[in-house]
Structure formats: structure tokens, C-alpha cells
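Hi,

Here is the structure I promised to send over. Have a look at it first, then read on for what turned up.

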Amino acid sequence: LSEAETSKIELLNSALEQVGDIDDLNHNRSDHPNDISAHDGNPSKQTKQMLKLRATLPSATITLINDFQGMDLALFKLTTTHCVFGGEVDFPVLSDSESPLFGCNVNTSVLAEYFDSTTFKWENFLVKPWEVTLNCSRSEQSRFPSDRLLTTFDIESHQCHVSFSEHFLVSVGAASRMWSVYSGATRQATELVASTTKDDSNKQRLSRSMAAHAARSLITTLPYALENHSGLNASYSIGEEHLQLPSNSTRFFQFDLFPESGSGGMRNYGQDVKKPRAVTVFVGDTEICIADIDREVGNRHAYFILEYATYIFTYVVKRGNSTVLHLSSQVEMYNLSSLPFRIAIFKDDTSQDLGHLSPIKKEKRKNEIREGNEPLSSHAIFGFPAPLISGFAVDSIENIQIQLIPVTNDNSELFGTLIVPPLQQLINMTGPGKDTVFEVSCSNWKETPFPSLVANVRTNVSFTGDSHPFIQLLIEPRAIMVNKLPIKTLVRTPMPHTYRTEGPQHQVDDESNEIVHSLNHNESVEIFTPGPSIALSMKLATSPISGTTTGWTDGVWKIIPLGKTEKLSSQGLRCLFPFEPTSQKSNQAPFENIGGIEIFILEEEDASPDFADKQNSLEGRKENFNENSTRTLVFTACNVAVDHSGCVLFKEEFESRIGDDKGKKDQPLFSSPVPVTLFPLSAFPSPRSRRRISLLPRSSRMIRVILQPVEGGTKRQSKPFTVSDVPLLEGIDSMPIQWSDNTQSGLFAYRELTAEGSELHIIPEYIMFNGLNRHFVRIQQISNMPTLLDPLNVTRAKTITLKPESTSQIKRDKSNSIVTQLEIPDLSGVTDPVHVDTVGLKICILKSKVNSEPIGSLAIQTVTGGKDSCLVIKIGALRLKSPQEIVTPMPTTLIERDYIRFRLRWSEIQVTLKDTGEGQDEGAKAAI
């Protein structure tokens with residue numbers, strides 16, 4: 001080599017050796033983090049480490065399953081395809097003052113499906129694949145001089161078309177409620193372990209164990225069941241397993257998981273099921289094959305003919321958490337009442353006891369997995385033995401004679417007989433969509449031949465695919481009376497056999513031998529009383545906290561017809577709870593004319609009396625007599641007032657609100673005259689709304705708001721108005737209430753529509769809310785502001801102490817303003833007087849009461865209210881100067897001091913709600 005070439009090679013070799021030394025130094029820097037050689041050279045060039053990641057995911061599927069209480073119900077399935085991810089993180093290694101920088105991007109296509117539990121199929125949640133691109137970065141920004149970094153989120157979405165039905169919302173809501181129950185159980189188990197275990201090493205293990213036990217205790221049934229109502233012994237097979245299914249028994253089971261590669265199995269649902277869940281039932285020599293039990297849910301009954309004209313029907317229903325395959329004869333009986341019955345059938349002049357028919361509403365689920373054989377003789381449903389009714393299906397003149405024995409509390413021996421007419425005659429009586437009701441009179445023939453208890457038996461005839469009839473007999477009470485009043489009510493009757501649907505039974509008055517039921521809101525009484533009618537009387541059981549007490553309904557007894565073709569008019573039956581004042585002046589009207597609280601007894605299908613058609617008489621309602629449901633009566637008030645202020649009552653007026661008719665009395669609603677009210681309406685406590693409530697008359701009646709006088713105050717009343725005058729707008733849009741002298745009361749009113757009428761809400765104009773979660777606040781309302789000439793001229797009109805996260809009312813002063821001075825006793829701090837009656841945000845300086853030095857700040861914000869007031873004055877955002885008093889801050893995050901830039905580009909989004917209700921012959925249709 002020449003000298004020039006030799007020199008060049010030596011220079012290259014020297015340069016390579018230097019690079020190798022730097023690489024070795026970088027490679028070994030983690031072993032010597034404090035090595036001074038790491039900081040040699042230019043200090044501005046610090047060593048950093050970069051992490052890069054690239055990933056490609058062809059396809060991935062996530063399925064969300066509701067497995068609470070053993071349901072095993074799929075909810076949602078999310079599938080990502082062609083997912084590409086790339087990212088890098090650049091963070092310093094030798095410096096703790098610098099934050100890491102990063103950048104990443106994700107591009108994927110998303111498919112989503114939800115599981116329709118009614119059809120057991122996956123339905124498209126996303127109609128077409130949804131392509132999404134996400135870019136995130138954190139870097140130095142150069143738009144303006146600052147040491148803060150810039151974090152950017154950039155989302156680009158292509159067309160997104162969403163479609164779902166109401167079944168998806170129902171499934172998600174059920175899963176959410178179950179999660180609340182499960183999380184509560186696990187939390188209680190964890191708290192119990194924490195309070196009883198001192199050993200920290202075993203606390204976590206015991207906590208997991210008790211949480212798992214709590215989860216297992218919530219499993220009530222296995223997902224599938226077979227019930228044999230046919231009266232014949234049967235057997236069934238699932239796969240290779242063959243099991244017995246005796247008559248009057250039930251068997252719970254579950255299918256094995258679908259085998260896949262690896263250990264265990266796969267849960268598949270809907271169209272993903274490769275092998276259908278098949279069940280084979282054997283009855284004698286007849287083999288009944290159910291190809292897929294899930295797809296049979298909700299289908300019509302299928303029937304099979306055995307020897308000697310014996311029919312067996314099968315159908316699949318969803319009952320609770322289980323899918324149940326019923327094996328039944330041609331006739332089934334249900335008990336829809338609250339009274340148990342023993343059932344017997346007559347065959348060849350002999351009586352055969354079929355068992356005990358329990359009420360459906362009183363059946364309680366067991367808190368354990370139910371499996372094996374269970375007797376069905378005490379269930380709320382069973383089928384008549386097929387051999388006993390074999391001739392009913394083929395003989396045109398053979399009927400079924402059934403004996404009903406009610407099981408009452410007094411153990412009285414009552415017997416009733418139901419004769420089901422021959423099959424063809426029964427079909428002609430019912431017809432499609434029309435039921436026939438038989439009244440069964442039960443009596444003790446040894447004591448009296450007259451009926452003592454009467455129950456209704458409703459017959460329903462449905463047809464299989466080739467028009468073969470299947471008969472259901474439903475035992476019902478003659479009528480049900482439901483308390484729709486928001487107040488506990490007493491119902492008494494001198495007639496026998498009335499029973500509460502749930503809860504403790506009636507009490508008997510020793511003096512009058514009358515039955516008295518105590519009913520809360522939505523509780524009911526079932527009526528089995530014989531005769532054409534029943535006499536009732538009612539009384540409000542809850543004592544009023546203000547206003548006038550009331551007694552039993554006027555007129556002693558209210559007569560309600562009970563015949564099959566009897567109904568109340570659409571206007572209902574008017575009742576009055578008369579006032580019972582403790583004292584009465586001599587110049588007042590007689591006791592029976594001093595007024596009371598008006599309520600109505602209505603048929604359940606009728607609207608509130610406010611909306612009832614006055615011309616709709618009883619004759620125009622005869623087409624509704626044969627409705628396919630138990631007759632239900634409700635007693636309710638037209639309107640209910642909810643007092644949020646806690647200081648007002650209501651009074652009914654009878655002056656006409658029309659100018660031409662001024663001075664005339666308002667016409668009564670019914671033929672009976674309406675007494676003049678001389679006393680304010682009663683106010684009752686309400687555990688449901690946690691406010692005072694009052695029962696109001698019809699919406700067209702004039703009422704007044706009466707202010708209850710406080711110490712030294714005067715009694716005032718508002719101008720008369722009607723409930724229909726009040727708007728359906730809450731908060732700041734509520735209607736102001738004026739006193740009779742045209743001054744403002746500081747109270748406002750709005751109403752909400754309910755199923756029974758309207759709720760009238762009386763709210764204050766202002767409430768104060770203490771948003772501090774640790775400190776009490778003492779609020780001093782000042783009637784006049786101090787001035788520079790007279791800074792000590794301060795008059796404190798009212799003092800309010802608010803607990804953390806509590807509210808209190810506050811009113812304007814005589815100058816029509818609200819000036820407050822806030823004090824936090826725990827910090828010995830007080831603010832200057834401040835106006836808070838206008839909407840806005842104010843920051844007040846919190847000063848020490850000792851030396852008047854600033855110790856922090858307190859935010860006061862006046863915003864529009866909602867259901868409780870027109871405006872809300874919120875106290876919050878406490879900032880203290882002293883480090884010892886500063887509230888613990890939130891933990892710091894990576895991007896806490898960064899500038900955040902968020903950008904979303906969405907080309908199109910479309911949401912469709914499908915209507916899958918009844919009457920859609922062509923499948924689901926778009927509703928919204």
C-alpha cells in the first residue's frame with residue numbers, strides 16, 4: 001500500500017475503535033449509573049433510550065357473557081380485523097427531570113354483534129365494518145415559547161352504522177343490576193374479612209375465598225330443565241347419558257361445553273353453535289326429539305299421539321334463568337291467585353287427588369343449584385294425567401269434572417266443582433283470542449248449601465301447528481283491588497274471603513267482626529267473596545303531620561259489583577275521606593258538610609278521572625267485559641302534591657274561574673253534591689319521595705297554597721289556581737306563586753304527568769348546597785350591606801348551618817336580594833358579605849377570624865335548579881393557603897402539565913332502533 005492509503009486505513013480504524021468504546025459504554029451504563037464517565041463530554045447531549053413496537057393482528061374476537069346466577073347468556077361480541085399497531089417511546093435514562101416522549105398509531109376494522117335472547121341469534125350491532133384510525137403523540141410544541149409538552153389525540157372514523165333492538169337494552173340492564181348485587185356481596189365479604197382477620201398474610205386469601213363463596217351463593221338454577229306434567233313416567237337422554245323423568249318431577253341439567261383444540265371447552269351461542277343442543281324424551285314406545293332446545297323457545301305447542309288416543313304436548317319456555325322443556329297432557333292448570341288449592345278429578349265415579357296447587361306469586365326460588373327430581377304436586381302449575389283425560393280429546397260428549405278445595409287460614413272444609421264442557425263446545429265458547437270465565441262456588445254442604453267462597457277459572461284454548469287444541473285452566477280471584485295512593489291505607493269489609501296478595505294477612509275487628517287490610521302503595525287485596533257485590537270502606541292509615549285528620553270514607557260502605565258482566569263507569573266511584581277536626585266552632589257547618597279528601601275507585605284500564613269521557617257510560621263499555629285478564633280495581637287520587645319547601649298546605653276552593661260565572665259555585669263532578677271545604681288538606685310523610693305529600697282534587701278544581709305560620713308569623717294564602725294551570729316545566733321555568741295581595745311568595749310550582757294523574761311540586765326559589773365533603777359551613781344572611789361610611793352597620797337576619805353535602809332553603813330579604821357571609825368553623829375562617837341571588841360564579845377570600853389574614857379562597861356559584869328549586873347556590877372549590885390545611889391533591893399523571901389537543905373526524909354515524917314487538921309479521925322494523 002502507498003503511504004496515503006495506509007494513513008487513510010489507520011484513520012478509519014481509529015474512528016471505528018472510538019465508536020466501539022462509546023457502544024461499550026452505553027451497553028454497560030445500567031451497571032454503573034453513577035459512573036462519572038457517563039457525564040463526560042458535552043452535557044447537553046444526554047443519553048436516551050427508545051422502545052419501538054410493531055404489531056399486526058389479523059383477527060381477534062371478544063365475547064361478553066352474563067354468567068351471573070347461572071344464566072350463561074351471551075350479551076355482546078366484538079371482532080377486530082386487520083389491526084395494525086405501531087409505536088415508539090423515547091425516554092431519558094440518566095435524567096429524572098425529563099418526561100418520556102411517545103407516538104403511536106392504530107388502524108383497525110371493527111365488527112360488533114349483540115345476542116337476541118328471544119331468537120337465540122346474533123344480530124348485527126354494526127351494520128357494516130367500522131374502520132377507525134387512532135394517532136397519539138407527545139412531543140415538544142413550537143407554536144409559542146413554553147416548556148410544557150403537547151399531547152395530541154387524533155381519531156379518524158369512517159362510516160359507522162349502528163342498529164339494535166329493545167332486547168339488547170333489556171339484556172344490558174339486567175346484567176348491570178346483577179353486577180350491582182354481585183359487587184355488593186363481594187364488598188360485604190371483603191369488609192367482613194378485613195374486620196375479623198388480623199393476620200395480613202391470610203387476609204387477601206380469605207377475602208378471595210369469601211368473595212368466591214358469595215358469587216356461588218348467587219347461583220340459583222342450572223341453565224336447562226325438564227318438567228313432566230303428563231302423568232306418565234318418561235326418560236330422556238342428553239348425548240350418551242340416559243336418565244329417568246318420573247311423573248310429576250323436574251330435572252335440571254346443563255350441556256357439556258363444545259370441544260375445541262386444547263383442554264376444556266368453548267362456549268358458543270347462536271349461529272356459532274356447531275352442534276345443536278338436542279334432547280330426546282321417551283314416553284313409552286314414543287320417542288320425542290327436540291333438535292335444538294334453544295330454538296324452540298316461544299314456539300307453539302307440539303303434540304304427539306300415544307296409544308289409546310293419549311296426547312302428549314311439548315313446549316319450551318324461558319322461566320327465570322332456565323330454559324324449561326315442558327312435557328304435558330292436553331289440559332294444564334295454573335294458580336294465579338294468592339290462595340292455595342287442592343285439585344282432584346272425577347273419573348268413573350271415583351275421585352283422584354292430583355295434588356296441591358300453590359300460588360305462582362308465592363313461589364320462592366332456592367338459593368342453591370336445583371337438580372335431581374322435585375315433586376311437582378306442590379307447584380303452581382301441573383297437567384292433568386293423560387290417561388285420565390284420554391277420552392276428552394276424541395269423545396264429543398265427554399267432559400272433565402274437577403274438584404277445587406281452597407286451603408284457607410281457618411281450615412274450613414270448602415268444596416267446589418268445575419265441569420269443563422266437551423272439547424268442541426269449549427272451542428266454540430272461547431274462540432281465537434277470547435277466553436271463557438267460569439265461576440266456581442265453594443261451600444261446606446254439611447253446614448250450609450249456600451256458597452261461601454267463589455273463584456274464577458279462566459279457560460284459554462290455543463292450537464298447535466295443525467290446529468290441535470291445547471287447554472289451559474287459570475284459577476283467579478273474582479277481582480283484585482290495588483292501592484295506588486302514595487299513602488298507607490286501611491280497607492275493611494264485613495264480607496268473608498278477602499286475602500292480601502303478599503305480606504301478612506288481614507286483621508279481624510273483635511267488636512264488629514269486620515276484616516281490615518293494611519295496604520301500602522301498590523299492594524293489593526284479592527276478593528273471593530260470594531254474591532253480586534262487595535261492601536268496602538277505606539281510611540288513610542298514616543297520620544298526617546300537618547293539616548286535618550280524616551276518618552273512614554263517607555256513606556259507611558261503598559258497593560262494588562262483582563258480576564262477570566259488571567264494571568264501574570269510566571268516571572269510577574267517588575269516595576271522600578271526611579275531615580275530623582279536633583274542635584268545631586258553633587257557626588260552622590255540620591260535621592258531615594265540612595269536606596274531606598277526594599279519591600276514586602276505578603277499573604285498571606281506565607284513565608285518571610281527569611281524562612275520562614263523561615259520556616262514556618256503562619252501556620258503551622260492554623265490549624270490554626270479556627277481557628283476557630283478571631279484573632283489577634284501583635283506588636287513587638286525581639292529583640298528588642309534593643311539598644319541597646316543607647311549610648305549605650293546600651285548600652280547595654269552589655269559586656268559578658270564568659269571569660262570566662263569577663260568584664257561582666263550581667258544578668259538582670257527580671250527581672251527589674260536593675261539600676264545601678273549610679279545612680286545609682292533610683299533609684303526609686312520604687318515604688318514597690322523602691317530602692310532604694297531599695292528595696289533591698281534580699285538575700279543574702280551584703286550590704290555594706297556604707303558608708303555615710311560624711313563631712310570630714302570619715298565615716297567608718295564595719291566589720286560587722288549578723293544577724292544569726301549572727306548566728310541565730321544572731327549575732327556573734316553574735310557575736311563580738303569588739299571595740292574595742299580589743306579592744311574590746318565593747315559591748314556585750311545576751307538575752309531572754303520572755299514570756294516575758299529575759304530581760304538583762311546590763319548590764322554593766333558592767336552596768344552598770354545601771359541596772364541601774369535610775367541613776361544616778355556617779351561613780349568615782345579612783339584611784343590609786355595610787358601607788364605607790358605616791362599615792359596622794351589618795344586620796344578620798338568619799343563620800344556617802349546613803352539613804357536608806347537604807342543602808337548605810334560603811329566601812330573599814326585604815330588599816329583594818340575598819347577601820350572605822360564609823364561615824367555616826373548622827378553619828376559623830370567614831368571608832366578606834357577598835350577593836348570591838344572581839346566576840354566576842364568585843370567588844371569595846377566606847380570612848382568619850383571629851387576625852383577618854387571608855387563609856384561602858372559597859368558590860360560590862349560583863346555577864339554575866331542577867326538581868328541588870329554581871336556583872341552586874353551590875358552595876365548593878375550597879383552596880387554602882396553609883400547606884397543612886390543603887386537601888390531599890389527586891395523584892400526578894404523565895400528562896398533567898401538558899397541552900392537550902384532541903381532534904375527531906367522523907364522516908358519518910347512523911343509529912337505528914328496531915321494533916321487534918308483537919304484530920311485526922315481517923321481522924323487526926326500524927322505529928327510530
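Does Arg-778 count as buried, partly exposed or exposed, and what is its relative accessibility? Keep in mind that this is a predicted model. Arg-778 comes out at 28% relative accessibility, so it counts as partly exposed, since buried would need a value under 20% and exposed one over 50%.

I asked because Arg-778 is half of a salt bridge: its partner is Glu-823, with the closest N and O atoms 3.2 Å apart. The pair joins distant parts of the chain, with Glu-823 in strand 52 (residues 819–824) and Arg-778 in strand 49 (residues 777–784), 45 residues apart. Glu-823 has a relative accessibility of 8% and so counts as buried.

Now the chain as a whole. It has 928 residues, and buried ones make up 42% of them. The secondary structure amounts to four helices and 60 strands, so you will be scrolling through a lot of strand numbers below. Among contacts with a separation of 6 or more, 63% are between residues 24 or more positions apart. The accessible surface is about 50200 Å², and carbon and sulfur atoms account for 52% of that.

Back to the charged pairs. Side chains of opposite charge can pair when their charged atoms come close. The count here is 27 salt bridges, and a few others deserve a click.

Take Lys-867 and Glu-730, whose closest N and O atoms are 3.2 Å apart. Lys-867 is in the loop between strand 56 (854–864) and strand 57 (871–880), while Glu-730 is in the loop between strand 44 (716–717) and strand 45 (735–738), so this salt bridge ties together parts that are 137 residues apart in sequence. Both ends are partly exposed: Lys-867 has a relative accessible area of 45%, and Glu-730 has a relative accessibility of 35%.

There is also a network of salt bridges, which links Asp-154, Glu-156, Arg-903 and Arg-905.

Then there is Arg-277 with Asp-294, a salt bridge with its closest N and O atoms 3.0 Å apart. Arg-277 belongs to the loop between strand 13 (265–266) and strand 14 (279–283), and Asp-294 to the loop between strand 15 (286–290) and strand 16 (302–305); 17 residues separate the two. Here both partners are buried.

That pair leads on to the cavities. Rolling a probe the size of a water molecule over the atoms shows where empty space is left. The structure has five cavities of 30 Å³ or more, and the largest has a volume of about 200 Å³. Its lining consists of 17 residues, and Arg-277 and Asp-294 are among those closest to its centre, along with Phe-120, Tyr-224 and Tyr-269. By class, the lining of this largest cavity splits into eight nonpolar, three polar and six charged residues.

One last spot to look at is Val-454, in strand 26 (residues 453–463). With a relative accessibility of 4%, under the 20% limit, Val-454 counts as buried. Its C-alpha atom is 5.9 Å from that of Cys-442, 12 residues away along the chain. Beyond its neighbours within four places in sequence, Val-454 has contacts with Glu-439, Val-440, Ser-441, Arg-478, Phe-528, Thr-529 and Pro-530.

Shout if anything looks odd on your screen.

Cheers

Conventions
Residues are numbered from 1 along each chain as its sequence is written. This is a predicted model: local features need pLDDT of at least 70, side-chain atom pairs count only at pLDDT 80 or more; totals for chains, interfaces and linings use all residues. Side-chain values use heavy atoms; hydrogens and water are left out. On a 1 Å grid over the protein atoms alone, a cavity is a set of points where a 1.4 Å probe fits but cannot get out, and a pocket is an open set with protein on both sides within 12 Å along at least five of seven lines; lining residues have an atom within 4 Å of a point. Grid points are joined across faces, edges and corners, and a volume is the space filled by probe spheres set on the points. Ala, Val, Leu, Ile, Met, Phe, Trp, Tyr, Cys and Pro count as nonpolar, Asp, Glu, Lys and Arg as charged, and the others, Gly among them, as polar. Buried means under 20% relative accessible area, exposed over 50%, partly exposed in between (1.4 Å probe, protein chains only). Contact means heavy atoms within 4.5 Å. Accessible areas come from the Shrake-Rupley method with a 1.4 Å probe; for residues, only the protein chains shown count as cover. A salt bridge is a side-chain nitrogen of Lys or Arg within 4 Å of a carboxyl oxygen of Asp or Glu.
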